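The following account is intended to be read alongside the sequence and the three-dimensional view. It proceeds from the annotated spans to the sheets, and from there to individual residues.

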Amino acid sequence: MQELESLKDRISSPHKIVITTHHKPDADALGSSLGMANYLKKKGHEVTVVTPSDYPYFLQWMKGNEEVLNFEDPNQRAKAVEKVLAADTIFCMDFSCLKRVHDLSSFITKSKAFIVNIDHHQDPKDFADFQYLSTKAAATCELVYELIVKLGDKSLIDKDIADCLYAGIMTDTGGFRHPNTTKNVHLITAELIELGADNTRISRLIYDTNSVNRLKFIGFAITRRLTILEDLQTAYFSISKKDLRKYSSQTGDTEGLVNYALSLDGIKIAALFTEREDGIKISFRSTEDITVNKFAAEFFDGGGHKNAAGGKSSLSLKETTEKFEKLIKENQKTLFNKLELIHEKN
Ligand code: 5GP
Ligand code: MN
């Protein structure tokens with residue numbers, strides 16, 4: 001509580017604040033960043049949101065979107081760096097390890113700013129001066145809501161802030177379906193709707209704004225790029241750079257694809273391997289007691305949550321999927337162990 005007072009003191013007088021989040025921000029990353037930014041602006045601060053990369057078109061509606069600086073855009077990079085180096089406070093949202101901001105991390109380390117970390121990922125690294133962390137939270141947006149309330153500023157949450165925070169909670173719970181959809185999630189969501197969040201509009205903007213190309217790409221991926229390992233209760237997509245080019249893929253077009261693999265009856269582990277400019281990006285998903293974040297951390301330089309994690313590989317796409325298949329086979333016991341015990345008991 002004393003710590004919270006120190007943050008309260010810090011934000012009680014105007015500061016130069018930068019808010020950043022992880023590479024390729026999702027709705028929780030961007031919603032928590034812009035939700036926090038809109039709140040801090042109302043408190044009288046000079047606030048800049050800097051993202052380490054671009055983000056999907058279906059997130060480009062939140063208040064403050066137009067002013068976000070993309071560190072990877074050559075036209076915005078210098079300004080982004082200038083803001084980071086001049087900031088006296090930097091908020092790091094929805095990541096727990098500086099590696100996740102890629103090359104932006106060296107500037108954060110160089111800056112003399114007071115670092116605030118708000119996040120819900122497992123195994124947080126200790127890089128901040130003030131932490132507001134909980135692995136029990138479904139979304140960083142849930143923590144931002146709680147923090148604003150604890151700071152005594154609930155009355156400052158307007159429709160725009162509520163929209164940003166609702167978006168992150170909706171997507172990080174998979175549309176209120178994942179096991180992280182707690183009573184607290186529903187209570188906070190109810191509050192956000194009361195404060196003006198337009199839930200129907202937000203779900204339409206995020207889930208129902210597919211381009212024809214994207215829908216065709218999903219169809220192609222399901223028919224041609226899905227491998228099902230029935231015996232291992234595992235299914236995965238493998239998408240090459242050429243595939244992405246063929247369907248004029250935009251940032252965000254592969255978002256959610258991995259869930260089609262997990263939606264198969266009997267499949268408990270799903271993965272998506274995407275060949276990007278800088279290597280293979282991997283998404284892992286699992287059901288029930290299968291822990292994919294440890295698997296991601298141990299073998300694919302990644303991490304995340306129990307049932308949703310990510311990682312990377314510098315091997316070729318083919319070598320990476322071969323490595324994955326081999327590791328799933330070798331680690332069957334550890335991955336599925338708990339489940340087998342549960343099934344044996346029944
Ligand atoms: P996604 O598959 O949607 O990119 O990520 C799923 C979850 O894993 C998210 O919570 C995300 O923050 C986390 N995650 C994704 N990639 C990485 C990574 O390379 N390292 C770590 N530590 N976490 C990741
Ligand atoms: Mn999140």
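How far apart do the end C-alpha atoms of residues 251-329 lie, and how much of the span is helix and how much is strand? In this predicted model, the end C-alpha atoms of that span lie 32 Å apart, and the span is 35% helix and 30% strand. The same residues, 251-329, carry the UniProt annotation "domain: DHHA1", taken from an unreviewed entry.

A second annotated span lies at residues 16-169, where UniProt, again in an unreviewed entry, places the feature "domain: DDH". Over residues 16-169 the chain is 36% helix and 19% strand, with 28 Å between the end C-alpha atoms.

The domain assignment of the protein gives two units: domain 1 covers residues 2-207 and domain 2 covers residues 212-345. The C-alpha centres of domain 1 and domain 2 are 27 Å apart. Across the boundary, 11 residues of domain 1 are in contact with 9 residues of domain 2. On the side of domain 1 that touches domain 2, there are 5 nonpolar, 3 polar and 3 charged residues.

Attention may now turn to the sheets. Strands of a sheet pair through backbone hydrogen bonds, either parallel or antiparallel. One open sheet has 6 strands in the order β3-β2-β1-β4-β5-β6, and its pairing is parallel. Its edges are formed by β3 (69-70) and β6 (130-133); each has a single partner strand, so one side of each is left without a neighbour in the sheet. Within this sheet, strand β1 (residues 16-21) runs parallel to strand β2 (residues 46-51), and 5 bridges join them. Lys16 has Glu46 as its bridge partner in β2, and Val18 is partnered there by Thr48. Because 5 of the 6 residues of β2 are buried, this strand is largely enclosed by the rest of the structure.

Another open sheet of 6 strands follows the order β7-β8-β9-β10-β12-β11, with mixed pairing. Here β7 (226-229) and β11 (303-304) stand at the edges with a single partner strand each, and therefore one side of each has no neighbour in the sheet. Strand β9 (residues 269-276) pairs with β10 in the antiparallel sense over 8 bridges, and these two strands form a hairpin with 2 residues between them. Ala271 has Phe284 as its bridge partner in β10. Strand β10 is also joined by 6 bridges to strand β12 (residues 308-313), the two running antiparallel. In that pairing, Phe284 has Ala309 as its bridge partner in β12, while Arg285 stands opposite Ala308. Strand β10 (residues 279-286) is mostly covered, with 7 of its 8 residues buried.

The nonpolar interior can be considered next. The largest nonpolar core has 61 residues, and those with the most contacts inside it are Ile19, Phe91, Leu165, Tyr166 and Ile169. Leaving aside neighbours within four places in sequence, Phe91 is in contact with Ile17, Ile19, Met36, Val116 and Ile118. Apart from this core lies another, of 30 residues, including Ala235, Phe237, Phe273 and Ala309.

The account closes with a single residue. Is Asp119 buried or exposed? Asp119 has 27 other C-beta atoms within 10 Å; since a residue is buried if 20 or more other C-beta atoms lie within 10 Å of its own, Asp119 is buried. Its place is in strand β5 (residues 114-119). Not counting residues up to four places away in sequence, Asp119 touches Asp94, Phe95, Ser96, Pro124, Leu133 and Thr140. Asp119 and Glu46 are 73 residues apart in sequence, and their C-alpha atoms are 22 Å apart in space. Glu46 is the residue named above as the bridge partner of Lys16 in β2.

Methods
Residues are numbered from 1 along each chain as its sequence is written. Chains are lettered from A and ligands numbered from 1 in the order in which they are written. This is a predicted model: local features need pLDDT of at least 70, side-chain atom pairs count only at pLDDT 80 or more; totals for chains, interfaces and linings use all residues. UniProt positions are given in the numbering used here, feature names are shortened, and annotations may be inferred rather than shown by experiment. Helices (H or I, at least four residues) and strands (E, at least two) are DSSP runs, numbered from the N terminus. A nonpolar core is a set of buried Ala, Val, Leu, Ile, Met, Phe, Trp, Tyr and Cys residues joined through C-beta atoms within 7 Å. A residue is buried if 20 or more other C-beta atoms lie within 10 Å of its own, exposed if 12 or fewer, and partly exposed in between; C-beta atoms are placed from the backbone. Two residues are in contact if their C-beta atoms, placed from the backbone, lie within 7 Å. Domain bounds come from an automatic or database domain assignment. Ala, Val, Leu, Ile, Met, Phe, Trp, Tyr, Cys and Pro count as nonpolar, Asp, Glu, Lys and Arg as charged, and the others, Gly among them, as polar. Two strands pair if DSSP finds at least two bridges between them.
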